[in-house]
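Visitor: I am new to protein models and would love a guided look at this one. Where do we begin?

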Amino acid sequence: MHADAYAGYDAPTAAKGGKPPAITHVTCMAQARRELFKVYDSTKSPIAEEALRRIGELYAIEAVIKGQSPEQRCVARQAQSKRKHPVNPAPFLATEQTPLLAEPALRRVRRR
């Protein structure tokens, strides 16, 4: 399910009884970027700054592939984002173990 961080989506997308969730919740990149910007603006966190820079790179890829078929966009996204960041193209979107989320001011970004 692609949605915002509304808490009402927590229950249907939660793991139950040791099983993975039946519905995967993916959040909006624009909302995550807004939250990262707020954190960077108030704390000047270098990790938030790096995340914003990488999101900017992803947005640049999107601008180039706009209008292509979904399959072509998928291939281009994967190839171009991995070329820029071959080890981990988007660490700011991962789990609590990500260094980004080790900073207390950035933990709220995960819910966005």
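Guide: Let's start with a rule: helices are DSSP runs of H or I with at least four residues, strands are runs of E with at least two, and both are numbered from the N terminus. This is a predicted model, so local features need pLDDT of at least 70 and side-chain atom pairs count only at pLDDT 80 or more, while totals for chains, interfaces and linings use all residues. Residues are numbered from 1 along each chain as its sequence is written, and side-chain values use heavy atoms, with hydrogens and water left out.

Visitor: Which residue with a positive phi follows α2?
Guide: Look at what comes after helix α2. There the phi is positive, near 95 degrees, and the residue is Gly 67.

Visitor: In what order do the elements of the chain run from the N terminus on?
Guide: The secondary structure comes to three helices and zero strands. Read from the N terminus on, the order is therefore α-α-α.

Visitor: What share of the 112 residues in the chain is buried?
Guide: A residue is buried under 20% relative accessible area, exposed over 50%, and partly exposed in between (1.4 Å probe, protein chains only). Of the 112 residues in the chain, the buried share is 22%.

Visitor: Which residue that is not a glycine has a positive phi of about 60 degrees?
Guide: Go to the loop between α1 (29-43) and α2 (46-65), where Lys 44 lies. At 48% relative accessibility, Lys 44 is partly exposed. The residue with that positive phi, though not a glycine, is Lys 44.

Visitor: The charged end of Lys 44 sits over the ring of which residue?
Guide: A charge sits over a ring if NZ of Lys or CZ of Arg is within 6 Å of the ring centre and within 35 degrees of the ring normal. The charged end of Lys 44 is 5.1 Å from the centre of its partner ring, and that ring belongs to Tyr 40.

Visitor: Which residue caps the N-terminal end of α2?
Guide: A polar contact is a pair of N or O atoms within 3.5 Å; within protein, one must be able to donate a hydrogen and the other to accept it, and residues adjacent in sequence count only if both atoms are side-chain atoms. Here a side-chain oxygen lies 3.2 Å from the backbone nitrogen of Ile 47. The capping residue is Ser 45.

Visitor: How far apart are the end C-alpha atoms of α2?
Guide: The expected span of a helix is 1.5 Å times one less than its number of residues. The 20 residues of α2 should therefore span 28 Å. The model agrees with this, as the end C-alpha atoms are apart by 29 Å.

Visitor: How many salt bridges are there?
Guide: Side chains of opposite charge can pair when their charged atoms come close. A salt bridge is a side-chain nitrogen of Lys or Arg within 4 Å of a carboxyl oxygen of Asp or Glu. By this rule the count is six.

Visitor: Arg 54 meets which residue in a salt bridge?
Guide: An α-helix has 3.6 residues a turn, so residues three or four places apart point the same way. Arg 54 and its partner are four residues apart in helix α2, so about one helical turn separates them. Arg 54 itself is buried, at 16% relative accessibility. The N to O distance is 2.7 Å, and the partner is Glu 50.

Visitor: What is the N to O distance between Glu 50 and Arg 53?
Guide: Both residues lie in helix α2, three residues apart. Glu 50 is partly exposed at 28%, and so is Arg 53 at 39%. Their side chains meet in a salt bridge, N to O, of 2.6 Å.

Visitor: Which residue forms a salt bridge with Glu 62?
Guide: The closest N and O atoms of this pair are 2.5 Å apart, and the partner of Glu 62 is Arg 77. Because Glu 62 lies in α2 and its partner in α3 (residues 70-84), the pair ties together parts 15 residues apart in sequence. Glu 62 is partly exposed at 31%, and the same label fits the partner, Arg 77.

Visitor: Which residues do salt bridges with shared partners join into one network?
Guide: Here the salt bridges link up through the partners they share. The network is made of Glu 50, Arg 53, Arg 54 and Glu 57.

Visitor: The side chain of Ser 81 reaches the backbone oxygen of which residue?
Guide: Ser 81 is found in helix α3 and is buried, with a relative accessible area of 10%. Its C-alpha atom is separated by 8.0 Å from that of Glu 57, 24 residues away along the chain. The side chain of Ser 81 reaches, at 2.7 Å, the backbone oxygen of Arg 77.
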